[in-house]
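User: I'm new to this and keep tripping over the vocabulary. Can you take me through the terms one at a time?

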Amino acid sequence: MRNFIKNKYFWLVLIVFIGTFWLINNTSSERHNISVLEKMIRDAYTPLQSGVVEFKENLGQVNAFFASKQEMHQEIGRLQEENQRLIMENQVLREDKMELRRLRSLLGFRDISLDKYQMVGARVIARSPNNWYRNIVIDKGTDSGIRKGMAVISPHGLVGRVASVSRESAHVDLIIHREIAVGAIVQENRETQGIVEGLGISQNLRMVNIPYYSTIKEGYHIITSGLSESYPKGINIGRVKEVELQPDGILLSALVEPSVDFDKLEEVLVIVNYKLSNDEPIPE
Amino acid sequence: MGGYTILRYFVLGFLPFIAIFLESTFFRTYSLFGNVPDLVLIFVVFYAFLNGDNKGAVYGFLCGLLEDLYMGRFIGVNALSKGITGFIIGRLQVRYFNENLLVGLLVVLIGTVLNSLFMLALGLSTFKIFNLDTSIISASIFQSLYNLLLAVPIYILYYNSFQQGLLNSTGER
């Protein structure tokens, strides 16, 4: 034992162990900023990861060039049909929107529609390199006005929140990440409130703290309530798959299937002028 | 330090760098039921198996640290688990049968199981990293299978390079 303690390698290993545990502990909670070394490593990866996305896009164009004419005609026909339907729908919705604005201003209500927010489009260039975390990397960083804590959405719904930023890229924690919690309401009955949490490895979400008298049921849509500091109100989160009574017997919880398919996510929008959870100034 | 040694260190550093790049892009597209292989671990295991415990521990620690710095959370978790895995695999170093592919596959399997256990233990000690449900076990099983599949071509290339290529520490070819 005495020889063991006298061994210089023993002390070296002990110091490394203590130092590493200290580091794990210090980086386990949310950090305001990442270190210069981390930024440098991430910025070294960004051009490579962007290159892969560009290569895939070019490959897609080459494939489209060689696709049969008949298939292309069918696709164009289908898209034209969908376009006509969307134009009609858009016309009706535009009228509704104008009416809603007039009524809101008459009643003195605040405009909560998403289109008042400034958004920055970004491409998904990489995903988590291991199975323990659930995040994506986007090709926009501080240079494009992205800051930690900003909400990230896609046309299908809520994607997640910016976890850390380097100059040219940002890591986004997905809402299925177990550290993310989002204030939510049921779109259909508007009265059921709860918190949607990620389950970690599973692709589903869980809405908790729902009062037992709530009329929530399978198939209902869950949207953001606007009560979280990071997410504006009215963003689609997912659809209720299953409702069950929590072990305490007074609250319900619901299994929610996200409206976003995170494995197929290619482009996202970052909301850059919503109030931020930290004290950083909101970019102009 | 000769030019040859510098080149060897460059290759040893380049392998985990490129492994993280592939894991975050290519292998995410071709995942096994949503699970990606741990290429960094495969390189750590092979290095440790062919170079011994002390070198294996240092290489594992540095490779894990690179992964942690890229992820930016819980920095040190991968460094510790891969460092200890590298040390244990290095203890298994055998002199006569390491050219056998099956031996190579066996150490990758042992390495993946050990690394998963260490990650789980570190996760439990911080109580923050993972949800303790059965999906962790299935994720580890799928990762072991994927690692084994990739270990076949990688071990052949790695072993050849270790014997007479860039990864040969003596410089003899």
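User: How many salt bridges are there between chain A and chain B?

Analyst: Zero. A salt bridge needs a side-chain nitrogen of Lys or Arg within 4 Å of a carboxyl oxygen of Asp or Glu, and the count between chain A and chain B comes out empty. Over all chains, though, the search finds 14 salt bridges. Keep in mind that this is a predicted model, where local features need pLDDT of at least 70, side-chain atom pairs count only at pLDDT 80 or more, and totals for chains, interfaces and linings use all residues. Residues are numbered from 1 along each chain as written, chains are lettered from A and ligands numbered from 1 in written order, and side-chain values use heavy atoms, leaving out hydrogens and water.

User: What makes A:Glu54 and A:Arg123 a salt bridge?

Analyst: Their N to O distance is 3.4 Å, and the cut-off is 4 Å, so the pair qualifies. A:Glu54 sits in helix H3 of chain A and A:Arg123 in strand S1 (residues 119–127) of chain A, 69 residues apart. Helices (H or I, at least four residues) and strands (E, at least two) are DSSP runs, numbered from the N terminus.

User: Why are H3(A) and H1(B) called oblique?

Analyst: Their axes cross at roughly 45° and come within 11 Å. Axes are lines fitted to C-alpha atoms, for helices over the stretch in contact, with angles from 0 to 180 degrees between N-to-C directions. Under 35 degrees counts as roughly parallel, over 145 as roughly antiparallel, 65 to 115 as roughly perpendicular and the rest as oblique. Roughly 45° falls in the rest, so these helices are oblique to each other.

User: Which residues meet there, and what classes are they?

Analyst: Contact means heavy atoms within 4.5 Å. Among those meeting are A:Tyr45 and A:Leu48 in H3(A) and B:Phe17 and B:Ile20 in H1(B). By class, the contact has eight nonpolar, two polar and no charged residues.

User: How much area do chain A and chain B bury between them?

Analyst: About 3900 Å², 61% of it on carbon and sulfur atoms. Buried area is the accessible area (1.4 Å probe) that two parts lose on being put together, summed over both. In chain A, the residues losing the most are A:Tyr45, A:Pro129 and A:Trp132, together 21% of what that side buries. The contact takes 39 residues from chain A and 41 residues from chain B.

Notes:
Nonpolar A, V, L, I, M, F, W, Y, C, P; charged D, E, K, R; others polar.
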